[in-house]
Amino acid sequence: MNVLGIESSCDETSVAVISEGRLISNLISSQDFHTNYGGVVPELSSRAHLQILLPLVKQSLAQAGITLNQIDLVTATAGPGLIGALLVGLSFAKGFAYSIKKPFIPVNHIEGHIFSGFLMEEKPEFPYLCLVVSGGHTLLLLVESETEIKKLGTTIDDAAGEAFDKISKLLGFGYPGGPKIQEAALNQRTDFVDFPIAQCKNEFDFSFSGLKTSVLRFIQKEYGDASKIPNEHLPSIAASFQYSAVRALVVNTDKALRKYKTNSISLVGGVAANKMLRDEFQKLAGKYKKKLVIPSAEFCGDNGAMIAYRGSQLHQAGIKYSFDFNAFPSLSDHTFIK
Amino acid sequence: MKFPFHKKIKTESETVEIAEEFSKLLIPGEIVLLNGDLGCGKTFFVKSVCRHYGILNVSSPSFSIVNEYHNDKNIVHFDFYRVKKIEELYDIGFEDYIMNNETIVFIEWSNMFMKILPKKNYEIEIKFTNNSEREISIVKHG
């Protein structure tokens, strides 16, 4: 069986092919489109998705060595995300599936991330604790089966990745914040400033807005404004911030591991690329003797492979969708996460 | 609440009080602009207003650019922080969102693209005055 996966919920357009359970193509616009088609890819643009999608599908099928008619299942992200961007991938997928008379499965983007660990050689085992951390989402989940996902906690304000981006901009490191902060913080002292870790009403919820404000307040109090921070202090501030942000994620995961019976831990989403977070999760896995699955970098960011995988999972579970299924902007609109 | 409105605030609960009063005035089709430095409490203000419409899932749209919430009122919550060009906003369908008379629209960092904004709006500015105080001002335009 050949499964086509299309992702277009935000900045990235991505197309993947899974054949007989094996991933044989996973093209991501920011990496693959640039080099092969030239020109600048504008961000946040439905038109950009539109321009990139077709060539990317062709390239992906060529890489997989199959033709259009050999696709057996078409999957695409239906939400959450930007409606205009989602509609490009979703409408294409529906039209394509209809024309080749094959089933179509709409996929929840976050559920794609949740099961992205299954793209790895070593897969998570149910029930597993899953932390989804990205620019737009921070969710702690208990994944009991393919269709039973319990939400334990989420952010009450900013997402973890957003905190990295904003603090990075504030410190003058630029975008993307995650890698820049990580680079600056490498081998620096983490106790230069004692930034707080938020305590929320729900013990598994997160809050990163307070951390952002306290970094800002510290800078105002000590230096007046960010432009006056001595260069030698920047890495230590970055390291102290990173330490607090990572601690906040780890502390809640630790609490959940104590409370819920699990077989594995999975750390997914763009922020899962952070080295310190990965190291801390290794420690957690060692402490609780759990199997840890962190997808490799190409599956941490937004990608079509996880959409194709999640789509096939739902298809195999016998779940059917009709062609009038629409794109949805919010996570809560259509999901197995309860 | 009379406009222009100005108040110095020391605590979160004072912001909540102002937001509650403000929430009673807003009607569908209206647009609320929010500006002020990083961490000054723009998202918190929107969250506090929406709480009075029975909406409890407000979070920052900095990454997503736009969030939608529905309960007693329909809310669209924009954040221009990550937007680089005005074309991106047109492409997202900004005009469709703001011309919808059934939704209340909040726009954080609206100052980044003043040209695209309707003249009739509420403009909220939040300033840090010193370490423990902030100043909220609300001006009604048009």
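Start by selecting A:Lys151: with a relative accessible area of 41%, this residue is partly exposed. You'll find A:Lys151 in strand S8 of chain A, which covers residues 149-154. Keep in mind as you click around that this is a predicted model.

Now show what touches A:Lys151. Setting aside neighbours within four places in sequence, its contacts are A:Leu139, A:Leu140, A:Leu141, A:Ile337 and A:Lys338. Add A:Phe204 to the selection too: A:Lys151 and A:Phe204 are 53 residues apart in sequence, and their C-alpha atoms are 9.4 Å apart in space.

**Colour by confidence**

Switch to pLDDT colouring. Chain A has a mean of 93, with 96% of its residues at 70 or more. Then zoom in on residues 35-42 of chain A, where the pLDDT is below 50; this stretch has 10 contacts in the model beyond near neighbours in sequence. Over in chain B, the average pLDDT is 94, and 99% of the residues score at least 70. For the model as a whole, the scores are ipTM 0.81 and pTM 0.91.

**The two domains of chain A**

Give each domain its own colour. Domain 1 of chain A takes in 2-114 plus 299-333, and domain 2 is 122-294. Who takes part where they meet? The contact involves 11 residues from domain 1 of chain A and 16 residues from domain 2 of chain A. Measure between the C-alpha centres of these two domains in your viewer and you should get 28 Å.

Together the two domains of chain A bury about 1100 Å², and 69% of that is on carbon and sulfur atoms. Which residues of domain 1 of chain A lose the most area to domain 2? Pick out A:His113, A:Ile114 and A:Cys300, which together make up 50% of what that side buries.

**A buried alanine**

Next, select A:Ala272, in the loop between strand S9 (264-268) and helix H9 (275-288) of chain A. Is A:Ala272 buried or exposed? Its relative accessibility is 0%, so A:Ala272 counts as buried. Show its contacts, leaving out neighbours within four places in sequence, and you get A:Val133, A:Leu267, A:Arg278, A:Ile294 and A:Cys300. You've met A:Cys300 already, as one of the residues of domain 1 of chain A that lose the most area to domain 2. Another residue to add is A:Pro295, 23 residues from A:Ala272 along the chain, with 8.2 Å between their C-alpha atoms.

**Two helices to trace**

Select helix H8 of chain A, residues 234-259. At 1.5 Å a residue, its 26 residues should span 38 Å, and the end C-alpha atoms are 38 Å apart, which agrees. Turn on the surface around H8(A): 20 of its 26 residues are buried, so the helix is largely enclosed by the rest of the structure.

Move on to helix H2 of chain A, residues 46-64. Its 19 residues should span 27 Å at 1.5 Å a residue, and the end C-alpha atoms agree with that at 26 Å apart. Where does H2(A) bend? Look at A:Leu53, where the bend is about 30 degrees, with a proline, A:Pro55, following within four residues. Both A:Leu53 and A:Pro55 are among the buried residues of H2(A), as are A:His49, A:Ile52 and A:Leu61. Step just past the helix to A:Gly65, where phi is positive, near 70 degrees.

**Backbone details**

Two cis peptide bonds are next. In chain A, go to the bond from A:Phe126 to A:Pro127, which is cis with omega near -15 degrees. A:Pro127 is in the loop between helix H4 (109-114) and strand S6 (128-133) of chain A. In chain B, the bond from B:Phe3 to B:Pro4 is cis, with omega near -5 degrees. B:Pro4 comes in the segment before strand S1 (5-9) of chain B.

Last stop: positive phi angles. A:Glu20 is not a glycine, yet its phi is positive, about 50 degrees. Find A:Glu20 in the loop between strands S2 (14-19) and S3 (22-28) of chain A, where it is exposed, with a relative accessible area of 62%. A:Asn187 is another residue other than glycine with a positive phi, near 60 degrees. A:Asn187 is in the loop between helix H6 (177-185) and helix H7 (209-223) of chain A, and counts as exposed at 75% relative accessibility.

Methods: Residues numbered from 1 in each chain as written. Chains lettered and ligands numbered in written order. Predicted model: local features only at pLDDT ≥ 70, side-chain atom pairs only at ≥ 80, totals over all residues. Heavy atoms only, no water. Expected span 1.5 Å × (residues − 1). Bend = angle between axes of the 7 residues up to and from the residue. Buried < 20%, exposed > 50% of the residue type's maximum accessible area, 1.4 Å probe, protein only. pLDDT = per-residue confidence, 0-100. Domains from an automatic or database assignment. Contact = heavy atoms within 4.5 Å. Buried area = accessible area lost by both parts, 1.4 Å probe.
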